[in-house]
Number of protein chains: 2
Amino acid sequence: MKSNDKLESTIVDIARELRISPATVSRALNDHPKISHRTKERVREKALEMGYRRNKLASGLRNNRTYTIGMIVPRISMFFHAEVITIVQNLLHRQGYNLIICQSNDSRELEVDLASALYSSRVDGVLVASTLYTTDYSHFDVFVQKGIPLVFYDRVPVDFYPAQMVKGDEYRGGYLAGEHLAEAGCKNIAAIFGLLGCCLYKGRYAGFKAALKAHKLALKKDQVFFHELTHENALATLDKLFSSKPYPDGLFTANDTSALAVLEFARENKIRIPGDLKLIGYSNDPRAASVTPAITTVDQFPGEVARQLVAALNKLLDNRSKKIMEKPEALVTPVALIKRMTT
Amino acid sequence: MKSNDKLESTIVDIARELRISPATVSRALNDHPKISHRTKERVREKALEMGYRRNKLASGLRNNRTYTIGMIVPRISMFFHAEVITIVQNLLHRQGYNLIICQSNDSRELEVDLASALYSSRVDGVLVASTLYTTDYSHFDVFVQKGIPLVFYDRVPVDFYPAQMVKGDEYRGGYLAGEHLAEAGCKNIAAIFGLLGCCLYKGRYAGFKAALKAHKLALKKDQVFFHELTHENALATLDKLFSSKPYPDGLFTANDTSALAVLEFARENKIRIPGDLKLIGYSNDPRAASVTPAITTVDQFPGEVARQLVAALNKLLDNRSKKIMEKPEALVTPVALIKRMTT
DNA sequence: TTGAAAGCGGTACCAC
DNA sequence: GTGGTACCGCTTTCAA
């Protein structure tokens with residue numbers, strides 16, 4: 001045993017062993033063009049032998065680059081987000097970036113903490129799908145001010161915020177749903193949305209309303225609900241909706257969790273779907289496909305979102321080193337109606 | 001504007017503004033007992049005013065502590081893992097730790113990269129549910145050697161590995177499933193497991209076999225299958241299983257994804273469940289509850305796993321500073337049979 | 001109660 | 001092609 005008492009072997013240790021300078025070792029490990037092939041070989045060999053691993057803290061500190069991207073999502077268990085994360089991670093991994101995934105649990109307080117922690121870790125960029133309750137985005141100001149690439153997606157700021165965005169075509173999604181119900185012959189249509197403070201539901205609601213209007217159908221005030229889209233809330237709303245006639249013959253729920261709840265409610269209350277009630281959900285959650293009857297829903301193409309997200313990030317990362325500030329722009333990703341058995 | 005040209009404000013900037021030393025600023029920000037209350041106030045105020053944020057890279061480099069824990073899971077989209085992650089994150093957040101979540105996509109190659117990246121980031125500890133294909137765990141040796149807390153859970157090494165473990169009671173889970181089918185009167189029982197290289201299926205298989213044996217039932221060689229538990233694989237196996245009589249009257253699938261596939265196959269092939277075939281899955285995936293008929297399954301108590309995991313980690317983190325090395329030990333978390341409509 | 005200064009590990013500028 | 005060295009931002013002796 002030589003000097004293995006020390007836990008970490010550093011670039012200096014390698015230099016000492018090889019009787020060369022730390023600078024040379026650093027350059028060799030970074031494949032610097034001006035280092036001789038032989039030296040590189042020797043250094044790499046020794047590094048391996050000594051179990052050397054670059055200390056990212058040190059190099060990040062020196063370089064102002066950590067090759068780490070932070071991502072904040074409301075819940076990793078949501079199908080859409082899990083998909084986006086997976087693809088983003090794979091894409092970034094290829095580029096040599098690491099991804100720090102953080103969950104806000106839909107708590108703005110936690111989101112604030114997470115943003116702060118990511119900044120403290122000096123991530124090179126941040127991807128965010130905010131909580132449903134985030135209306136004040138000032139906890140992200142620090143990234144904007146320091147010129148750290150920041151891209152919002154899915155749940156993006158409703159009011160102007162000086163950052164890049166990738167958003168789904170919520171309006172069109174809502175429109176497609178409304179149109180489909182109308183064309184299926186529904187005359188008395190109801191709908192359940194999330195809170196309109198969130199861009200998602202704002203868009204879906206607007207599109208849905210427009211579609212009904214285009215088909216000369218009204219969306220009556222007491223047939224539209226806005227609340228957090230949980231299983232329980234959906235059941236409560238259905239109780240209300242089916243407490244007095246006339247019952248609706250078409251229902252749009254702005255997520256699939258609620259649509260699943262509808263199925264459950266219908267089964268218990270002998271409401272036939274699609275016979276008595278036609279149903280459309282949103283997100284194309286796999287559960288919507290596996291349930292009986294399979295639920296008609298709107299696909300958000302998480303893969304496409306992920307690709308746009310990484311593309312936008314890359315552009316910002318490039319511009320950053322070139323010190324050019326791009327005007328923030330909103331990219332829109334497609335949606336599509338997936339027709340199944342509930343309509 | 002004073003010196004706001006510089007993007008980052010550091011402890012030195014604060015010191016200069018306040019005409020005190022950086023050391024004092026550092027101590028004030030860390031709430032050092034010997035700093036006067038007044039100085040602390042002034043520093044904190046100035047820090048806020050200047051938008052100062054501690055640079056974790058620098059403090060981590062200096063302290064050999066990053067207050068960051070790394071976590072490697074096969075897929076965040078799996079219900080069990082999503083649950084564990086969420087609870088682990090919440091627990092660690094309370095303790096002031098950040099969590100880096102990494103996905104191996106069940107690729108050992110990627111797992112190796114991720115382990116290396118986490119070490120490079122000098123995380124204070126690592127939590128791992130390995131890929132199905134990891135049998136060589138040497139990429140984690142670095143953590144063992146440097147005394148960095150390492151805890152495996154769920155998918156743990158089958159052979160001895162010198163690290164702490166938290167594993168589900170797979171044997172008992174398998175036993176409960178077998179016993180339940182036997183007690184339901186099944187005489188011709190089939191089963192689908194994952195590859196036995198993985199501790200999960202090894203345990204579930206052993207328990208299941210033992211239960212059948214205890215009930216004087218045989219598990220025939222051509223009625224047991226071992227393969228990756230995907231939807232497609234399950235359908236293929238079912239084709240085989242139902243290609244010739246006698247058909248099984250009881251089936252255990254070692255995950256819920258496969259059980260869902262069974263439901264789909266049964267529907268298409270007019271097999272009545274539970275009439276013709278009784279079915280048990282594993283994991284208590286929410287989909288198993290929402291489908292019709294709701295699937296009997298085995299709950300793994302992800303919350304309990306998460307708590308044990310964090311407890312084990314904390315113990316190691318404590319011991320580390322005390323420089324005591326604990327003997328690695330395997331903690332076992334409970335499972336429970338959730339009886340529903342398929343049995 | 002506070003300050004001066006060394007140093008964590010790696011990189012890059014300036015020499016040679 | 002290689003070496004010497006200052007420095008990234010923060011913490012922590014040691015000294016006052």
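In the predicted model, chain B and chain A together bury about 4,200 Å², of which 52% lies on carbon and sulfur atoms. Within the part of this area that belongs to chain B, the residues B:Arg53, B:Leu57 and B:Arg122 supply 16% of what is buried against chain A, more than any other three residues. Counted by residues, the interface brings 44 residues of chain B into contact with 43 residues of chain A.

The polar component of this interface comprises 20 residue pairs in polar contact between chain B and chain A, with both partners at pLDDT 80 or more. The side of chain B that touches chain A draws at least two residues from each of α4 (56-63), α5 (79-94), β2 (98-103), α6 (108-120) and α12 (286-290) of chain B, and the largest share, seven residues, comes from α6(B). By class, the residues on this side of chain B divide into 17 nonpolar, 18 polar and nine charged. Two salt bridges are found across the interface of chain B and chain A. In a salt bridge between the side chains of A:Glu8 and B:Arg122, the N to O distance is 2.9 Å; B:Arg122 is also one of the three residues named above for their share of the area that chain B buries against chain A.

Both protein chains take part in the surroundings of the DNA. DNA strand D is surrounded by 24 residues, the closest of which are A:Thr24, A:Arg27, B:Ile11, B:Tyr52 and B:Arg62. Of the strand D atoms that lie within 4 Å of the protein, 66% belong to sugar or phosphate, while the rest belong to bases. Among the individual approaches to the phosphates of strand D, a polar backbone atom of B:Ile11 is 2.7 Å from a phosphate oxygen, and a polar side-chain atom of B:Asn30 lies 3.5 Å from a phosphate oxygen of the strand. An approach to a base is made by B:Ala58, a polar backbone atom of which is 3.3 Å from a base nitrogen of strand D. The elements that give two or more residues to the surface near DNA strand D are α2 (22-29) and α4 (56-63) of chain A, together with α2 (22-29) and α4 of chain B. With four residues, α4(B) gives the most to this surface, whose residues divide into eight nonpolar, ten polar and six charged.

Around DNA strand C there are 25 residues, of which A:Tyr52, A:Arg62, B:Thr24, B:Lys34 and B:Arg62 come nearest. Sugar or phosphate accounts for 63% of the strand C atoms within 4 Å of the protein, and bases account for the rest. A polar side-chain atom of A:Tyr52 lies 2.4 Å from a phosphate oxygen of strand C. Bases of strand C are approached from both chains: a polar backbone atom of A:Ala58 is 3.2 Å from a base nitrogen, and an N or O atom in the side chain of B:Arg62 is 3.0 Å from a base nitrogen. The surface near DNA strand C receives two or more residues from each of α2 and α4 of chain A and α2 and α4 of chain B, with α4(A) giving the most, four residues. The classes represented on this surface are eight nonpolar, ten polar and seven charged residues.

Turning to the chains themselves, chain A is divided into domain 1 (3-54), domain 2 (66-168 + 303-333) and domain 3 (170-299). The C-alpha centres of domain 1 and domain 2 of chain A lie 36 Å apart.

Several features of the backbone geometry occur in loops. In chain A, a cis peptide bond with omega of about 5 degrees joins A:Ile273 and A:Pro274, and A:Pro274 is placed in the loop between α11 (256-268) and β9 (278-280). In chain B, a cis peptide bond joins B:Thr292 and B:Pro293, with omega of about -5 degrees; B:Pro293 has its place in the loop between α12 and β10 (297-299) of chain B. A further feature is seen at A:Asp31, a residue other than glycine, where phi takes a positive value near 60 degrees. A:Asp31 is located in the loop between α2 and α3 (37-49) of chain A.

Key: Residues numbered from 1 in each chain as written. Chains lettered and ligands numbered in written order. Predicted model: local features only at pLDDT ≥ 70, side-chain atom pairs only at ≥ 80, totals over all residues. Heavy atoms only, no water. Contact = heavy atoms within 4.5 Å. Buried area = accessible area lost by both parts, 1.4 Å probe. Salt bridge = Lys/Arg side-chain N within 4 Å of Asp/Glu carboxyl O. Polar contact = N/O pair within 3.5 Å; in protein donor to acceptor, adjacent residues only side chain to side chain. Nonpolar A, V, L, I, M, F, W, Y, C, P; charged D, E, K, R; others polar. Near = heavy atom within 4 Å. Domains from an automatic or database assignment.
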